[in-house]
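Me: Please take a close look at one part of this model, the metal sites, and explain how they are built. Then add a short word on the parts around them and on the strands elsewhere.

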Amino acid sequence: MHARSVPKNLRRWRQRPFLRRITLPAHTVDCPECGLRTAVPELKQGHQADCPRCGHELVRVENRPFVTPLALASAALVLLLCVYGSMFMTVSMIGVNERLTLPFMLEVLVLQDFGFLAEVMFVFTFGLPLLFLLLCLYVYAALQIKRPLPGLIAATRTMVRLREWVMADVFLISTLVAYIKLGDVVNVAFGAAFWLMFPMVLLLLRTTQAVPEHWVYYQIHRLHGHTTVYADTGGKTCCSRCRWFGPSEESHCRVCGTALFARRPGSLRLSLAFLLAAAVFYIPANTLPIMISSNPTVTEVSTIMGGILFMWDSGDRAIAAIIFSASVVIPVLKIFIMGFLLLCARYGVPWDIKKVSLLYRITEKIGRWSMIDIFVVIILMSAFHTPIARVTPGPASLYFCLVVLLTMLSVHFFDPRLLWDKYEAGETWTGTRLKLPRPSENAASTK
Ligand SMILES: [Zn+2]
Ligand SMILES: [Zn+2]
């Protein structure tokens, strides 16, 4: 009989017991949305601390912080590969069956010289989700085996940034819209890929929520042998990305490696530049044709509004309403709200700051849903690409894509803390407001 040795991983666990204990010690954090410095108590599994002033999530520890993201990301990855490998839908028209897979749809776009649309679709529905999941597996595998694998911090940085650019859910809703549009003309039967897309999207969205960067960076930092908590001890700046403190005179954060600043430099100018570009491109996006559909007898050229009115008149009112919201209401509202927020950040906040801050959050969340119209055109195009019936995207689709991406960038570069700074200073458009007393103690509310 051999004496059983202690397993390797268990040995390491005994040497560094804090790694398994998962908790975050009590420390201070600056809210990334309103800039309030807050004392966060010690957090255990399943705890979350929110900003006492604006309600933004500050710090979260998952219930099973190491295993949940690994399990979710692996399952989502398997489903993503299945979705791309199996049949998406079959379109039958006058005795011809067209079997569409997602790679085939991309091929159609590339063959017809719509490389840019193919890239947009590939990047947002496959490339970025795939990269996000692989990075997630890499980072959490390193945490699980407790080894500081090479490039771990860069991988985490990219993983965290990719979260807002994953658009698989928007693509799924676009498929439903396209299905209702197609249903009038042809028979559509969904394949396995379509049905697998529902659980894939749910798992993907859940994975994006299961990777709280503040906690992840803390764990990585401990893997590298740093046991101190970077907290505010005077002369330090809270990193906007990882929310750990670094010396104010340093240009880059010691923990996550991104630029260290109290307020994003040039935030208003960058945000305004992207917003103006989006507003300019919105004009050709509406006046030029977005979709050209043709059969041997008729060629129909439709603009965004023309398409919506046509659907409304022919009875597809629900679809007309969805496309109207996604292509007209959301972009226009977003451009106006961003303009208003920029004015507030420059000249002062005329309303209740909570309402203004809510406007910012709404614009941040809804922007990507404007891509519905683009994805619908792509799906219709892949379904009709024979000489008998052909749908091609018009030039407006390119401009519309740019509008969506530019408004997303405008929101990305806008630093919402500037709004709260103006509010703190008591500045409004009409003059200076009476200053409100600040709450005596800033302690995060935990749940
Ligand atoms: Zn806050
Ligand atoms: Zn950082």
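Reply: Four donors count as tetrahedral if all angles lie between 85 and 135 degrees. That rule is needed below, and the model to which it is applied is a predicted one.

Start with the zinc ion (ligand 1). Its donors are the SG atoms of Cys31, Cys34, Cys51 and Cys54, at 2.2 to 2.3 Å. The angles among these four donor atoms run from 103 to 115 degrees. Because the rule asks for angles between 85 and 135 degrees, the site of the zinc ion (ligand 1) is tetrahedral. For comparison, the ideal angle for four tetrahedral donors is 109.5 degrees.

Along the sequence, the donor residues of the zinc ion (ligand 1) follow the pattern C-x2-C-x16-C-x2-C. The pair Cys34 and Cys51 links distant parts of the chain, 17 residues apart. Cys34 sits in the loop between β1 (27-30) and β2 (37-40), while Cys51 sits in the loop between β3 (48-50) and β4 (57-60). Cys34 and Cys51 are buried. Cys31 has a relative accessible area of 0%, so it is buried too, since the cut-off for buried is under 20%.

Now turn to the zinc ion (ligand 2). Here the protein donors are the SG atoms of Cys239, Cys242, Cys253 and Cys256, which lie 2.2 to 2.3 Å from the ion. The four donor atoms make angles of 103 to 114 degrees, and the site of the zinc ion (ligand 2) is tetrahedral. The spacing of its donors along the chain reads C-x2-C-x10-C-x2-C. Two of these donors can be checked for burial: Cys239 has 1% relative accessibility and therefore counts as buried, and Cys242 counts as buried at 0%. As for cysteines bonded to one another, the structure holds zero disulfides.

Next comes Arg243, which lies in the loop between β8 (236-238) and β9 (245-247). Its relative accessibility is 10%, so Arg243 counts as buried. The side chain of Arg243 reaches the backbone oxygen of Glu57 at 3.4 Å. A polar atom of that side chain also lies 2.6 Å from the backbone oxygen of Leu58. Glu57 and Leu58 fall within the range of β4 (57-60).

The strands elsewhere can be described briefly. Strands of a sheet pair through backbone hydrogen bonds, either parallel or antiparallel.

One open sheet has three strands in the order β6-β5-β7, with antiparallel pairing. Its edge strands are β6 (96-100) and β7 (187-190), each pairing on one side only. Neighbouring strands of this sheet are turned by 20 degrees against each other on average, direction ignored. Strand β5 (residues 89-93) is joined to β6 by five bridges, and Ser92 stands opposite Asn97 in β6.

Another open sheet of three strands has the order β11-β10-β12, and its pairing is antiparallel. β11 (299-302) and β12 (390-393) stand at the edges; each has a single partner strand, so one side of each has no neighbour in the sheet. For this sheet, the average turn between neighbouring strands is 15 degrees, direction ignored. β10 (residues 291-294) pairs with β12 over four bridges, and Ser293 has Val391 in β12 as its bridge partner.

Technical notes: Residues numbered from 1 in each chain as written. Chains lettered and ligands numbered in written order. Predicted model: local features only at pLDDT ≥ 70, side-chain atom pairs only at ≥ 80, totals over all residues. Heavy atoms only, no water. Donors = N, O, S within 2.8 Å, 3.2 Å for Na, K, Ca; no water. Tetrahedral: all angles 85-135°; square planar, octahedral: opposite > 155°, others 65-115°. Helix = DSSP H or I, 4+ residues; strand = E, 2+ residues; numbered from the N terminus. Buried < 20%, exposed > 50% of the residue type's maximum accessible area, 1.4 Å probe, protein only. Pairing = 2+ DSSP bridges. Axes fitted to C-alpha atoms, helices over the stretch in contact; angles between N-to-C directions. Disulfide = S-S within 2.5 Å. Polar contact = N/O pair within 3.5 Å; in protein donor to acceptor, adjacent residues only side chain to side chain.
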